[in-house]
Amino acid sequence: MPIVAQLVQQYLDRIRAEHADVTDGRLADYIPELSRVDPEGFALSVSSSDGFVYESGDATVEFTIQSISKPFTYALALDRIGQCAVDARIGVEPSGEAFNVISVDEVTNMPKNPMINAGAIAAVSLVPGRTADEKFDLIQEFYSGFAGRRLEIDHQVYASEKATGSRNRAIAYMLDSFGVLDGDPDDVLDVYFRQCSFKVTSTDLARMAATLARGGINPMTGRRVTDGAVVRRTLSVMVTCGMYDAAGDWVSAVGMPAKSGVGGGIVAVLPGQLGIGVYSPLLDAKGNSVRGVRVCRSLSEQLGLHFLTVARDSRATLRAVYEPVDRIRVYEAHGDLLFCGAEQVARTVDRERDRFDVAILDVSRVDDIDDAARALLAGMSATLRAQGKDGYLVDPDAVIGTGLTAFGSVDDALAAAGR
C-alpha cells in the first residue's frame, strides 16, 4: 500500500478503534435470523470518488442490506418510470415515526416517504415487471451495478423475514386498499423481503455510496448506473428521511445523506467526494447501528466531511501539474484544501513518484486548510524523504506549516533544488 494510503488507513483504524469497546444496543431479534449474527462484527470502508477503497476491521464480513435497500429501489423506480409517476404514489416528507409504523399521509393516503417500510413497499410495486421475479431481477441488476459485483440474497434471512413479516403484510394490504400498490400485495411483499436480504459488505456499501457521490457512475467500473437527476432526488430524501426519526440529529452532527438498516449497516454519501460503508449489528432504539452512528460522527468531525463543507472542498483541486525542468514536478493547488482534496493531491504525488526527483507543492493559491489535510501533507513529506526524493513547499502565507521546506515562490524552490 502506498505510504500516503497508509496514512489515511491509520486515520480510519484509529477512528474505528475509538468505538471498538462500545457494547450498547441489541441485535434485531424481531427477525429471528438476525439475532444469530456475531454482535462483535465491526467494519468501516471508505471509497474515494475515483474508486480507491480503504478498509478497516471486518470489511469482508457479509450481512444483509435490509433497509439500506430502500433508497436504491426508490432510485430504480425514478429511473424507470420518472419522478412524476413516483410522486403520484410516494411522498417525500419526513414522517417523524418509526420505520415500520402502519400509517400513511392523512390527506393523500400515500406513504410519507420512501425510506419507511410503507414507502419502500410502494416503491417495489412501481418497479416495472410482469411478475415478481421480473421485478426482482431488475432490482438485483440495479443494486449490483452500484456495488460493482453481482449481489446475492441470504436465503435463510429471506425465509425468516417472510415467516415473521405480519406487520409488513398489514402495511401492504393497507396500501392496496388505498389504491397505492401496483400489483398483488403478496407478490410485492415477496420482492420486498428478497431485496432486504441481499448480502453486502461494508466495502459494497462504500462503493454503492461512491456511485451516488459520482452522480450515478460507478467509479470502479466506470459504468453509468443511473442519471444525475435520479441521484439528486434520492440523496435529497436520504438527507431528510434516511435515518428515520433520528434524521435531524444526524444531519446536524454528521451532515451526509445516509441510510441505515437493521442488519447493522449504514451507507453515507459525501456528494462529489466519497462514499462510506459501516457495519456493526448492535442497534439503538431507533434501529440505527450504535457504533456505526458514532463512527460516522467521528469521521465527519475529524475529517471535515459535513456536506456543508462540500462547496468549499469542491473548489480545492490541482490547478496545474507541470515540469519546469527535467525530473522536477510542480503540483499547484488552489481553493480550500480539506481532507478529501488533500487525500487526492497526496495520492497523485505518490502515484507519480517515479517521474520526478523533486516535487514542489505550490499552495500559494490555497485559501484555507484543515488539520486532517495538514497531517496528510506532512505525511507526504515523510513519504518523499523515505523514497530518496526531495519535497519543497511554496507557501508564502504559511497556511500549511508542514515538515516540507517552505519557499515564497516556485522560482525560489527551483533555486534551492539547484535548478
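This passage looks at two residues from a recorded binding site and at one pair of helices, all in a predicted model.

The UniProt entry, an unreviewed one, puts seven residues under "binding site": Ser67, Asn117, Glu161, Asn168, Tyr192, Tyr244 and Val262. Two of these, Ser67 and Glu161, are followed up here. Ser67 sits in the loop that runs between strand E3 (63-64) and helix H2 (69-81). Its relative accessibility comes out at 6%, so Ser67 counts as buried. Setting aside neighbours within four places in sequence, Ser67 touches Asn117, Tyr244, Lys259, Ser260 and Gly261. Asn117 and Tyr244 are also among the residues that UniProt lists for the site.

Glu161, for its part, belongs to helix H6 (residues 155-163). With a relative accessible area of 5%, Glu161 is buried, the cut-off being under 20%. Once neighbours within four places in sequence are left out, the contacts of Glu161 are Ile31, Gln66, Phe193, Cys196 and Ser197.

Further along the chain, helix H14 (residues 339-351) pairs up with helix H15 (residues 371-386): their axes come within 8 Å and cross at roughly 10°. Angles under 35 degrees count as roughly parallel, and H14 and H15 are therefore roughly parallel to each other. On the H14 side, the residues that meet H15 are Phe339, Ala342, Glu343, Ala346, Val349 and Asp350. H15 brings Ala372, Ala373, Leu376, Met380, Thr383 and Leu384 to the contact. Sorted by class, the residues where H14 and H15 meet are nine nonpolar, one polar and two charged.

Key: Residues numbered from 1 in each chain as written. Predicted model: local features only at pLDDT ≥ 70, side-chain atom pairs only at ≥ 80, totals over all residues. Heavy atoms only, no water. Axes fitted to C-alpha atoms, helices over the stretch in contact; angles between N-to-C directions. Helix = DSSP H or I, 4+ residues; strand = E, 2+ residues; numbered from the N terminus. Parallel < 35°, antiparallel > 145°, perpendicular 65-115°, else oblique. Contact = heavy atoms within 4.5 Å. Nonpolar A, V, L, I, M, F, W, Y, C, P; charged D, E, K, R; others polar. UniProt positions renumbered as here; feature names shortened; annotations may be inferred. Buried < 20%, exposed > 50% of the residue type's maximum accessible area, 1.4 Å probe, protein only.
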